[in-house]
Amino acid sequence: MLYIGCHLSASKGYTAMGKQAEKIDANTFAFFTRNPRGSSAKEINISDVAEYLELSEKLAFGKLVAHAPYTMNPCSADEKIRYFSRQTMADDLKRMESTPHNYYNFHPGSHVKQGVETGIELIANQLNGVLTEEQSTIVLLETMAGKGSEVGRNFEEIRAIMDRVERREKLGVCFDTCHVWDGGYDIVNRLDDVLEQFDKIIGIEKIKAIHLNDSMNPLGSHKDRHARIGEGHIGADALIRVINRPEFKGLPVILETPNEMDGYAREIKFLRENYSE
Ligand code: FE
Ligand code: FE
Ligand code: ZN
């Protein structure tokens, strides 16, 4: 079963997202846990959640991939920003338990001149401060394009963060095809090698979700500009190979392509047509 969807607006609640997903033939989706740039989170509406859970069961949705706000930077040099970041993640994880057993994805952060080692320490500190034994949510570190001072620009950096986290069983990785390509991993010509490397460094089973994006830029550009499926440097064929990898079967695949709803519906249709069970 291909679980595929896109980012949806959370402003009208879970049930609205579920219905919107159904309309475009999606069976998973992503959403920002709060305004991607801002800080305040909407109250969880219990009856909305109950209605959504029923709907998602009826439609046999896969796991959701919630996204932390972009303003979160666990390895900021500014202590106030780090504090905000930690509070935000702790609060998000609490709220995520209303829809248990899903994923919460975040960008490890940008170390901004502090150096990657310090960045890794600070990110791990935040995770050690917020992860709890009771949580059913798995927190995903997103593979990054390596723009500016982003941490997580290669598999080694992700591994280094994970190594410093006590509750490693609560962690996974979100594999963003645009980001790994921009990061210098040739998923077009050497997908086998890239996944073998990932497996050696982190363990392939740690990949829990895919962000499926084409890239506006060539391999290793460290730019992070997403393109529609088939309109970038990765190309449709390579992305079709990604979703058909046996290691990735059953994982939620989230489109983060520059599209409106009709464009997402077309991409979902196209990818379903090119998916073999
Ligand atoms: Fe992201
Ligand atoms: Fe992404
Ligand atoms: Zn991106």
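How are the donor residues of the iron ion (ligand 2) spaced in sequence? They follow E-x33-D-x34-H-x44-E. The views below show a predicted model, in which local features need pLDDT of at least 70, side-chain atom pairs count only at pLDDT 80 or more, and totals for chains, interfaces and linings use all residues. Residues are numbered from 1 along each chain as its sequence is written, chains are lettered from A and ligands numbered from 1 in the order in which they are written, and side-chain values use heavy atoms, with hydrogens and water left out.

**View 1. Protein donors of the iron ion (ligand 1).** His 67 (NE2), His 107 (NE2) and Glu 142 (OE) lie 2.1 to 2.3 Å from the iron ion (ligand 1). Donors are N, O and S atoms within 2.8 Å of the metal (3.2 Å for Na, K and Ca); water is not among the atoms, so sites may look incomplete. Along the chain the spacing is H-x39-H-x34-E. His 67 sits in strand β3 (residues 65–67) and His 107 in the loop between β4 (103–106) and α4 (116–130), so the pair ties together parts 40 residues apart in sequence. Helices (H or I, at least four residues) and strands (E, at least two) are DSSP runs, numbered from the N terminus. His 67 counts as buried, at 2% relative accessibility. Buried means under 20% relative accessible area, exposed over 50%, partly exposed in between (1.4 Å probe, protein chains only).

**View 2. Coordination of the iron ion (ligand 2).** Glu 142 (OE), Asp 176 (OD), His 211 (ND1) and Glu 256 (OE) coordinate the iron ion (ligand 2) at 2.0 to 2.2 Å. Glu 142 also coordinates the iron ion (ligand 1), and the two ions are 3.2 Å apart. Glu 142 lies in strand β5 (residues 138–142) and Asp 176 in strand β6 (residues 171–176), so this pair ties together parts 34 residues apart in sequence. Both Glu 142 and Asp 176 are buried.

**View 3. Surroundings of Thr 257.** Thr 257 lies in the loop between β10 (252–255) and α9 (261–273). At 2% relative accessibility, Thr 257 is buried. Not counting residues up to four places away in sequence, Thr 257 touches residues including Leu 212, Arg 228 and Tyr 264. Contact here means heavy atoms within 4.5 Å.
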